[in-house]
Amino acid sequence: MYKVLSKADLPRLIEKWMAQATVYAPLRQGDFTKFAPLNDPAQADLYYAANTRYPPKALFLPQSEVMFRAKDGEFESTEDEVSSRVILGIHSCDTRALQLLDGVFWAGDYQDPYWAKKRGQTTLVVLGCANPCATCFCTSVGSGPFDKRGADVMLIDIGDEYVADVRNEKGQALFDHLPDASQEQTDTSRQVQAAAAAKMEKPFESEGIEDKLYSLFDNDFWPKIQQSCLGCGVCTFLCPTCHCFDIVDEAQRSERVRNWDTCMFRIYSQEASGHNPRPTNTERTRQRIMHKYAYFVELYDEIGCTGCGRCVRYCPVDLDIRQIIRSAQAWEES
Amino acid sequence: MNDTWTPRIVVFQCQYSLYSEADQKWMDTQLPPHIKLIQVPCTGRISPLFVLNAIQGGTDGVLISGCLPEKCHFKEGNLGARRQLDEFRRFLTYLGMGEERMRFAWIDLSERGRIRQELADLEETIRATGPIKRLVTRAIPIGEQP
Amino acid sequence: MNQLTLAIRQEAARVLGKDIVDMVIGFEAGALPLKAQPAFITQKEEAEKLVYNGFCQNNLAAYLARRPKEERIGIICRGCESRAVRAMVIEHQHDRDKLYLIGVPCTGIIDWRKIERQVGENTLQAVEEGDEVIVTTRDGEYRFQRADVLHDSCKRCLHPNPVGADIVLGDPLPEGDPEQAWAPVLEFEALPPEERYAYFVQEAERCIRCYACREACPMCYCTECFVDCTTPRWAESMITPSGTQAWHIIRAFHQTGRCVSCGACERACPMDIKMTYLVDKLNYDMVQQYRFEVGASDEAQPPFAAFTLDDRNRFVR
């Protein structure tokens, strides 16, 4: 179902949503934007930055999440500390990432209640990218700037209006009352989508990457590419698909908490005995790349990277995963 | 904010601090409940982490008590401590802590009653300044933890 | 291609060819137009890929701790890198005999954030031409005065000339002005305490504990960082004011008398957090209290290690 919304009417629509739910949108913070709850529709800044630095996965898997408390000696769960939410302005890469993480947290026999409850109570109003960045590479990993998977509504910017592709009941609840898009508007929206994807270069070919990486496992390739890597956590923390966490009992807070963890830290895989199965940065870098482009494929039949480009933009030493994958594909035993 | 409020004070004391026997006995047995005594083998053991931990937990005043420069039981421990902790006080002050909240007392055996005087002075100063507000970030303040 | 790049390539090729070093650490062309990538070359033929320009934004000395101890390393050293090397040698972290410092007087690092703030996020190309930086984006060409887009630490740099280098390529540059360098510290100090604390809280709030600042810093080489200590928990890893403020305070404090004011920490931070105002104050105090500046001598111990009985008259009894 295609609806149309003029940009001038968006604040009023947001206000309507705010009566029933907490609305999150990118808010300006210094030189960048971050998803935060709106107090006022005017705060939403959908275009200042191409994307937020901090990924919206934090809205479903918070960087620090209290799992339960001990209150006066009694167990107090936090699972139901969720409320109705609308997330406006999330891009396809981040939405697709949430869908990939559903495979980890919300499928099969073991479901993560914290994740599931938040996902169930949240509606995603996705803003597709009409002008993808030079660092975006979603089209190389099986996605695209207007990938609708995981979206409850997909907004396509056609100038003064958005064409809203309403995908399901959750989306209908927010957009039903709006006028239908005209044929002309829908056609324009298709052109915008095609043009956006066509503009994007493909920095690497992902076909066969899983097998190629397995074949390079013991190869010289890994010690070479990891030399400049500092082993910090920027790539993993900004990544919308990274999801490792560490559970800690914080005694002086009387809380059990889970915090994001990163395979790039030495202590991530350090065992109590002192043994470390990933003792050097070579093993850790190999693990990171292969998790995204090999192990995830093996487990879920999907590449575990959505091409958002944050790791490329913010790596302190300008390491570029696109270059790494391209090198891997081209690597010949010499 | 005066009669109802008792300042929380922590004293880091080197265990060899040459207090007179009477003073040391008082420190070991008669400290009022709002003053916590932490003995260390040498002031050199006192890391800025200890002081920060106390401050973040809501301690209103910290006293560091050790030996005179020439009299360190471990020869030089107190010298290292002095430079580090002196700078740490300057640094916390730069970040907004009141300078009077951290105090040093390098005491000799012959200075009877000095430690009690230092504590009294510190407490009086803190009472006038009020409870610490900045840098207090611990979820459950020291003293209220189970 | 600038003269320094040429000179660096020649020297790197020479020391590798003559087996003076096993590896040369420098920079090569970046993946992104406003950056350069650290390069690690072991063959003289690879020297061709080395570059040197204002987009080389990492402190290469941070890599020394990551290389095997037996390796003989040639390293491109600007002012701050060479002082960090000196500091690390004094701290017994490296054998000076195994290092070959290729010194380069530095005109400062271009802050890509300052450029993006003005031209947006889609830079396609960036080149330096004399005192200008010419940036091409999807919208067209922009020109900047180099001086306007330097990283703040470079604007305040006191020592652009490398110290203790085995060879210096390029002409020496004038030393910086201490008054200008320390002015921000004094200005900050003059603010009322509530404002200072509020600024600290505001900056620390954004921290995501990625530790990029720590990893980018040449002086943070501890194999076990205090922040990972669980008994006791000095800085909880939760994203809370308690843990994060402790992280910033103590990391800065552990740099007292050791930090070379290169600003690599700020440049590494993905959340644009300001932190040099912390270490600059500590470095300033070391100058004031102990007349000590890291890297000024190849022997002087940092102040916290150099305590003496003469201190007796320095502190209040």
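Me: What makes a residue a contact of Ile102(C), once its neighbours within four places in sequence are left aside?

Reply: Two residues are in contact if their C-beta atoms, placed from the backbone, lie within 7 Å. In this predicted model, Ile8(C), Glu11(C), Gly74(C), Ile75(C), Ile76(C), Cys77(C), Ala165(C), Ile167(C) and Leu169(C) are in contact with Ile102(C), leaving aside its neighbours within four places in sequence. These residues therefore meet the 7 Å limit.

Me: Why is Ile102(C) named among the members of the largest nonpolar core?

Reply: A nonpolar core takes in buried residues of certain nonpolar types, Ile among them, joined through C-beta atoms within 7 Å. The largest such core has 216 residues, and Ile102(C) is one of the three that touch the most other members. The other two are Val153(A) and Ala212(C). Ile102(C) therefore counts as buried, as membership requires.

Me: What makes chain C as compact as a globular protein of its length?

Reply: Chain C has ten helices and nine strands. Its radius of gyration is 20 Å, close to the 20 Å that the globule rule gives for 317 residues, so chain C is as compact as a globular protein of that length. Along the principal axes, the C-alpha atoms of chain C fill a box of roughly 60 × 50 × 40 Å.

Me: What share of the residues in chain C is buried, and what makes a residue count as such?

Reply: A residue is buried if 20 or more other C-beta atoms lie within 10 Å of its own. Of the 317 residues in chain C, 48% are buried. Of the contacts in chain C with a separation of 6 or more, 67% are between residues 24 or more positions apart.

Me: Which domains does chain C have, and how do you know that they touch?

Reply: The domain assignment gives domain 1 (3-111 + 150-304) and domain 2 (112-149) of chain C. Ten residues of domain 1 of chain C are in contact with 13 residues of domain 2 of chain C. The side of domain 1 of chain C that touches domain 2 of chain C has five nonpolar, two polar and three charged residues. The centres of the two domains of chain C, taken over C-alpha atoms, are separated by 24 Å.

Me: What makes chain A as compact as a globular protein of its length?

Reply: Chain A has eleven helices and eleven strands. The globule rule gives 20 Å for 334 residues and the radius of gyration of chain A is 21 Å, close to that value, so chain A is as compact as a globular protein of that length. Of these 334 residues, 46% count as buried.

Me: How do you know that domain 1 of chain A and domain 2 of chain A touch, and which element of domain 1 gives the most?

Reply: Chain A is divided into domain 1 (2-199) and domain 2 (209-330). In chain A, 31 residues of domain 1 are in contact with 26 residues of domain 2. Strand S4 (64-71) and helix H2 (92-105) of chain A each supply at least two residues of the domain 1 side, and H2(A) gives the most, with eight residues.

Me: How do you know that chain A touches chain C, and which element of chain A gives the most to that side?

Reply: The contact count shows it: 32 residues of chain A are in contact with 31 residues of chain C. H8(A) gives the most to the side of chain A that touches chain C, with three residues. The residues of that side divide into 18 nonpolar, nine polar and five charged.

Conventions
Residues numbered from 1 in each chain as written. Chains lettered and ligands numbered in written order. Predicted model: local features only at pLDDT ≥ 70, side-chain atom pairs only at ≥ 80, totals over all residues. Helix = DSSP H or I, 4+ residues; strand = E, 2+ residues; numbered from the N terminus. Nonpolar A, V, L, I, M, F, W, Y, C, P; charged D, E, K, R; others polar. Domains from an automatic or database assignment. Rg over C-alpha atoms; globule rule 2.2 N^0.38 Å. Buried ≥ 20, exposed ≤ 12 C-beta atoms within 10 Å, placed from the backbone.
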